[in-house]
Amino acid sequence: QVQLVESGGGLVQAGGSLRLTCTASGRPFNSRAIGWFRQAPGSEREFVGTITWSGEQTDIIDSVKGRFTISRDNAKNTVFLQMNNLKPEDTAVYYCARGVGGTWTAERGRTATEYDVWGQGTQVTVSA
């Protein structure tokens, strides 16, 4: 059974950077896409980005494009979300999740129901 654990969250000033890490334990996840989602207080969970199992393709939402990047190291069962030039509106709990498998498309990657294992989340707070 795979478990995902996010780390790297914290408090940062606007314009700062954080790197979130999603680490898998149990069976490796290098055959699956990994997605990042976030949820701000009082808001629905929002897709942030996804990366295919090979790491060759990523998809990022427009609001963070150019500031956030996703990468992975399958040898270490780890996926990263590098967040630069953070803004107060990026404040949220960030979750990583494992895709259910099969041919991965951008549409599938943006859909929360296409992920079957979720981490517990890590808080990111950006002060103005």
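Trainee: Is Arg98 buried or exposed?

Mentor: In this predicted model, the relative accessible area of Arg98 is 12%. Buried means under 20%, so Arg98 counts as buried.

Trainee: Which residue forms a salt bridge with Arg98, and where does that residue lie?

Mentor: The closest N and O atoms of the pair are 2.9 Å apart. The pair links distant parts of the chain, 18 residues apart, with Arg98 in strand β9. The partner has a relative accessible area of 39% and is partly exposed. That partner is Asp116, in strand β10.

Trainee: Which residue meets Arg110 in a salt bridge?

Mentor: Arg110 lies in the loop between α1 (106–109) and β10, and its partner stands 51 residues apart from it, in strand β6 (residues 58–60). Arg110 is partly exposed at 39% relative accessible area, whereas the partner, at 15%, counts as buried. The N to O distance is 2.6 Å. The residue is Asp59.

Trainee: How many salt bridges does the structure hold?

Mentor: Side chains of opposite charge can pair when their charged atoms come close. One of the salt bridges here joins Glu114 and Arg108, with the closest N and O atoms 2.9 Å apart. Others share partners and join Arg38, Glu46, Arg67 and Asp90 into one network. The number of salt bridges in the structure is eight.

Trainee: What is the order of the strands in the open sheet of four strands?

Mentor: Strands of a sheet pair through backbone hydrogen bonds, either parallel or antiparallel; in this open sheet the pairing is antiparallel. The edge strands, each pairing on one side only, are β1 (3–7) and β7 (68–73). From one strand to the next, the twist averages 15°. The order is β1-β3-β8-β7.

Trainee: Which residue is the bridge partner of Thr69 in β8?

Mentor: Strand β8 covers residues 78–83 and runs antiparallel to β7, to which six bridges join it. The partner of Thr69 is found in β8. That residue is Gln82.

Trainee: Which residues of the largest nonpolar core touch the most other members?

Mentor: In soluble globular proteins, nonpolar side chains tend to be buried together. The largest nonpolar core here has 32 residues. Strands that each supply at least two residues of this core include β3 (18–25), β4 (34–39), β5 (46–51), β9 (92–99) and β11 (122–127). The residues touching the most other members are Trp36, Phe68, Leu81, Met83 and Tyr94.

Technical notes
Residues are numbered from 1 along each chain as its sequence is written. This is a predicted model: local features need pLDDT of at least 70, side-chain atom pairs count only at pLDDT 80 or more; totals for chains, interfaces and linings use all residues. Side-chain values use heavy atoms; hydrogens and water are left out. Two strands pair if DSSP finds at least two bridges between them. Axes are lines fitted to C-alpha atoms, for helices over the stretch in contact, and angles run from 0 to 180 degrees between N-to-C directions. A nonpolar core is a set of buried Ala, Val, Leu, Ile, Met, Phe, Trp, Tyr and Cys residues joined through side-chain atoms within 4.5 Å. Buried means under 20% relative accessible area, exposed over 50%, partly exposed in between (1.4 Å probe, protein chains only). A salt bridge is a side-chain nitrogen of Lys or Arg within 4 Å of a carboxyl oxygen of Asp or Glu.
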